[in-house]
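I opened a new page for this structure. My plan was to go through the chain as a whole, then its empty spaces, then a few single residues.

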Amino acid sequence: MAAEDEVAAEQPPVEAPQEAAQAESAPETASAPPEPASKTITKQILSTCLTKGLAALCTEKPAEPVRWLAEWLLEHNPNTPRTTFPANSKPIGAGKSAISNAEMAAIAASRSGQALGAASSITQLDLSRGANSTNNVNGVVEGATFFHQVAAYHVGSVGPCSSKGIESVIGDMLQLSKGNPKCVQWLSVRNEATIYLGGEPYVLRGGGVSSEDVLKAECETEIGDRGGRIAVTDAKGVGKWLHVATGDALTAADVVNGVRAPGGTPVRYLSFPTPPVGLLSTSSIDETLAALGALDPQDPIIISTDLGDGAPSAMFSVIACMAVRVRAAGGQLPQDVLPKEPLPIVAKFAPARELLEDVPEVSSILTSLGEKLGPEAKLLLDDTVDITARNRFRNLRTAYLDEVKAGQQAAARTTLVQYLQLLTVAAILISPEEEKDLPHQAFADLMRGGV
């Protein structure tokens, strides 16, 4: 039996007739073609570096893995051209990410140009401040600070944002709109020149106000000269090298206009730099009202400011809400404005409105506007201020009284002038076209009064 098994094992397998016939009839096949050179290069070079990078990524587990891997590949690319310096020469900060204060000062001193030459640093904005002070429809917006909304009028205000934060804010504002908005108006009243590097906002510190387009061009030049990196300070003031591609240096206008809003709604960016105290100029008022007047009632309006909760945020948000209300009322005083004295049943439970009627400057402006226009403009302003204050915006009336009580005379004067400016803007909004010269003149007289 064992012999028979051995014989059977030595016998070759017998092909089935059909398989044998197919094997005989099949033509000889040519040998497999060689792999293309690009695939060979990918295997030999890219896969080695990429494999190491992915392994490092798994070990590090960063919060933003895609960006982390991109920076790692830039830093460890074996084919990156290397610059040879003389024996006694070494570029500032070469071979490391952190930058000491002395090195940072040397880099700042070596910079030239209209924007970078006048600045001490390019500083990352802190996006953690005010990140939770929001009442948006989806909760806290990642990458957006001090985001507030007045849902009834499709008006929002936001502080510094990342690129992702800007996209989220625009999406949330569109959710508030009823119908089909034709446009999203992004109105920047920031007075700091901002540059987006790798999707994060950075501002010039230690210099004057510069053109963002100029800042972008100078940052692109430095990134190119330094082999894909630029010296910056983080939100805590610590210097570092930031690895970034030249094409990833963007202005705020680039970021906003590049957002693909839901439904394909176009986004329009306008910039009216405003001083930190928030006092408005005649030109900024005219341009703002012209921009707001071109919108449809359902178009969202987003006010972008430096500090989010500061005076410019409150002022421009009040202006936007008043403009929306007056436009919906056909250019007249809206019918739903709260009267100076609320109904008795409401007044019993509501706190005092503190309407500043006994303040001489307020009485003077009302007199200059006329006995009909003045009181109507004040009704519109006070009601809108109350509405925005319920949505976490600054109430200029109560802020003024608080500053007077605290003995802060300079701050109280500025806040009062802001309120008076808004009063004249309210008058401009509800005046017939042929009668707008009067409130314009009142605004000009106010600014000539030694503000």
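The entries below follow that order.

**Entry 1: the whole chain.** I noted at the start that this is a predicted model. I looked up the secondary structure and found 16 helices and 12 strands in the chain. I then looked up burial: of the 451 residues in the chain, 43% are buried. For the surface, I wrote down an accessible area of about 23800 Å² for the chain, with 56% of it belonging to carbon and sulfur atoms. I also looked at how far apart in sequence the contacting residues are. Taking contacts between residues at least 6 apart in sequence, 68% join residues at least 24 apart.

**Entry 2: cysteines.** How many disulfides does the structure hold? I found 0. I looked up two cysteines for their burial. C219 has a relative accessible area of 0%, so it counts as buried. C321 also counts as buried because its relative accessible area is 0%.

**Entry 3: the second largest pocket.** I looked up the volume of the second largest pocket and wrote down about 770 Å³. Its lining comes from 29 residues, and those nearest the centre are R67, E71, G198, E200 and L242. Which elements give two or more residues to this lining? They are α4 (65–76), β6 (194–197), β7 (200–205) and β9 (239–243). Of these, α4 gives the most, with 7 residues. I sorted the lining of this pocket by class and got 16 nonpolar, 6 polar and 7 charged residues.

**Entry 4: the cavity.** I searched the whole structure for cavities of 30 Å³ or more, and 1 turned up. The largest cavity has a volume of about 100 Å³. It is lined by 15 residues, and W186, R190, Y196, A252 and S304 are the closest to its centre. I looked up which elements supply at least two residues each to this lining, and noted β5 (184–188), β6 and α8 (252–257). β6 had already appeared in my entry on the second largest pocket, where it gives two or more residues to the lining. By class, the cavity lining has 10 nonpolar, 4 polar and 1 charged residues.

**Entry 5: positive phi.** I looked up two residues for their backbone angles. H154 is not a glycine, yet its phi is positive, at about 60°. H154 sits in the loop between β3 (148–150) and β4 (155–158). Is H154 buried or exposed? Its relative accessible area is 5%, so H154 is buried.

L356 is also a residue other than glycine with a positive phi, near 60°. I placed L356 in the loop between α11 (344–347) and α12 (360–369). L356 counts as buried because its relative accessibility is 5%.

**Entry 6: A261.** Where is A261 found? I located it in the loop between α8 and β11 (267–271). With a relative accessible area of 8%, A261 falls under the 20% cut-off and is therefore buried. I then looked up what A261 touches, leaving aside neighbours within four places in sequence, and listed I170, L174 and V267. Last, I checked A261 against S168, which is 93 residues away along the chain; their C-alpha atoms are separated by 9.3 Å.

Terms used
Residues are numbered from 1 along each chain as its sequence is written. This is a predicted model: local features need pLDDT of at least 70, side-chain atom pairs count only at pLDDT 80 or more; totals for chains, interfaces and linings use all residues. Side-chain values use heavy atoms; hydrogens and water are left out. Helices (H or I, at least four residues) and strands (E, at least two) are DSSP runs, numbered from the N terminus. Buried means under 20% relative accessible area, exposed over 50%, partly exposed in between (1.4 Å probe, protein chains only). Contact means heavy atoms within 4.5 Å. Accessible areas come from the Shrake-Rupley method with a 1.4 Å probe; for residues, only the protein chains shown count as cover. A disulfide is a pair of cysteine sulfur atoms within 2.5 Å. On a 1 Å grid over the protein atoms alone, a cavity is a set of points where a 1.4 Å probe fits but cannot get out, and a pocket is an open set with protein on both sides within 12 Å along at least five of seven lines; lining residues have an atom within 4 Å of a point. Grid points are joined across faces, edges and corners, and a volume is the space filled by probe spheres set on the points. Ala, Val, Leu, Ile, Met, Phe, Trp, Tyr, Cys and Pro count as nonpolar, Asp, Glu, Lys and Arg as charged, and the others, Gly among them, as polar.
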